[in-house]
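User: Please take me through this protein model. I would like short questions with reasoned answers.

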Amino acid sequence: MKLAHTLRISTAQAVAAMILLSLPLVAGCAFDSGVAGEPPASEAVTPVADDAIPVAALPLFRGRIESVLRFSTNLEAENRVDVLAEAERHVTDLLVEEGDAVRAGQTMLLLEDEAQRTALKRVESQLERSRLEYERQKRLFEQDLISEQAYNQARYDMEQLELALEDAERELGYATVTAPISGVVTERIINVGDHVETHSKLFEIVDFDSIVARVFVPERQLAGLFVGQPARVLAQSLAGSREAAIERISPVVDPQSGTVKVTLGIPGNQGLLPGMYVEVDLVAAALEDTLLAPKRALVYDQEQVFVFRVAQGDDGPRAERLLVRILIESEDVVHLEGDLADGERLIVAGQAGLKDGARIRLLDPREALGSGAELGATSTPTYQPAS
């Protein structure tokens, strides 16, 4: 029994070997039956794909660039005063209203003054009598007809009444409230007939020509600031920007925030109002007619900055990687330090993952970038910060 089983396995293996040996012959017949000199369809040669990477490039150009430090703040008026009552009286007349412009010393309000006028006349009368008595005593003293004590007493009485006259004039003067500074009445607190207490607030006056913007600049940026440095103020409610300049720089650094208070003056007001929320652009540096590159051409690799320049190779354009350093940076363009020249084109789209020396295919930048392609136009653009 064991022998029969062994023979059946051997016969099956022999049949399988014969089938495998016959397969190359069948394949050879199939190949020979084709057209002479042509490979089989499964081995047809396909054309080599173009390995050029599609990119968009823009040329370097010349123009103006500014390095701007932007801050947000609320405007303040440095000359702002509260007009207070100097005496307890009733209001008899209002001469100004909110929004009125006033000059320093101009009468704004009248308080009742009948009692003060009467008191002043009484003191004036007493003083006139005291002066006559003093002159009489003086002549008698010069003739040795009275004692020195009587003469000194007459002089003392006159001097006391002169002081009383000053007090009476001052009390009468409290009835006329005048503007301490020139400006605009921004608030009126009282009405005719109101009874005001001493030191109670009557008006608020603001000098709109003293409006300033106070910003807090980080300590590391302090070295680039100086008094008179130009700046721009942008308010949401006003079109365009307003001119300003640094007026004062605080000599101390806030230890909590690490910032320095910088006060900017705004000459001529220019339509700005106290309390307005504004953005302040400090022009830290500016260059005219300098070589500029589109900011979107920058490629960052850790702490280094690169650009890809379009270079011409034997087989077409290639990408050349250049190490650069940013000297001045704005919102749209940069001024770079590196081996760059006028008219050279920098890749601004498709440079992600691009390698140095890679073959590239240039696309129409206007189609690839839209309006951003205008940076390469023949007309030299000037950077203006967005409002």
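The questions below cover the fold, its cores, one helix and several strand pairings.

User: What kind of model is this, and how are residues numbered?

Analyst: Residues are numbered from 1 along each chain as its sequence is written, and side-chain values use heavy atoms, with hydrogens and water left out. This is a predicted model: local features need pLDDT of at least 70 and side-chain atom pairs count only at pLDDT 80 or more, while totals for chains, interfaces and linings use all residues.

User: How many helices and strands does the protein have?

Analyst: Helices (H or I, at least four residues) and strands (E, at least two) are DSSP runs, numbered from the N terminus. On that count, the protein has four helices and 22 strands.

User: What share of contacts with a separation of 6 or more links residues 24 or more positions apart?

Analyst: Contact means heavy atoms within 4.5 Å. Among the protein's contacts with a separation of 6 or more, residues 24 or more positions apart account for 74%.

User: Which strand gives the most to the largest nonpolar core?

Analyst: A nonpolar core is a set of buried Ala, Val, Leu, Ile, Met, Phe, Trp, Tyr and Cys residues joined through side-chain atoms within 4.5 Å; buried means under 20% relative accessible area, exposed over 50%, partly exposed in between (1.4 Å probe, protein chains only). The largest core has 21 residues, and L75, L264 and L282 touch the most other members. Strands supplying at least two residues each include strand 2 (61-74) and strand 16 (277-294). With four residues, the top contributor is strand 12.

User: Which residues belong to the other core of 17 residues?

Analyst: This second core lies apart from the largest one. Its 17 residues include V91, M108, V196 and F203.

User: What do the buried residues of helix 3 pack against?

Analyst: Helix 3 (residues 148-173) has 26 residues and reaches 38 Å from its first C-alpha to its last. That is close to the 38 Å expected at 1.5 Å a residue (1.5 Å times one less than the number of residues). Its buried positions are Y151, A154, M158, L161, L165, A168 and L172. They pack against helix 2 (114-142) and strand 8 (176-178).

User: Why does the pair F141 and Y151 count as stacked?

Analyst: Rings of Phe, Tyr and Trp (its six-membered ring) pair if their centres lie within 6.5 Å; planes under 30 degrees apart count as stacked, over 60 as edge-to-face and the rest as tilted. F141 lies in helix 2 and Y151 in helix 3, so the pair ties together parts ten residues apart in sequence. F141 is partly exposed at 28% relative accessibility, whereas Y151 is buried at 11%. The ring centres are 4.8 Å apart and the planes meet at 10°, so the pair is stacked.

User: Which are the edge strands of the open sheet with the order 8-7-5-10?

Analyst: Two strands pair if DSSP finds at least two bridges between them. This open sheet has four strands with antiparallel pairing. Inside it, strand 5 (residues 89-94) and strand 7 (residues 107-111) pair over three bridges, with D93 opposite L110. Pairing on one side only marks the edges: strand 8 and strand 10 (195-196).

User: How many residues lie between strand 19 and strand 20 in their hairpin?

Analyst: Strand 19 (residues 316-329) also pairs with strand 18 (residues 304-313) in the antiparallel sense, over nine bridges, and a hairpin joins those two through two residues. Strand 19 and strand 20 (residues 333-337) are antiparallel over four bridges. There I328 stands opposite H335. The number of residues between strand 19 and strand 20 is three.
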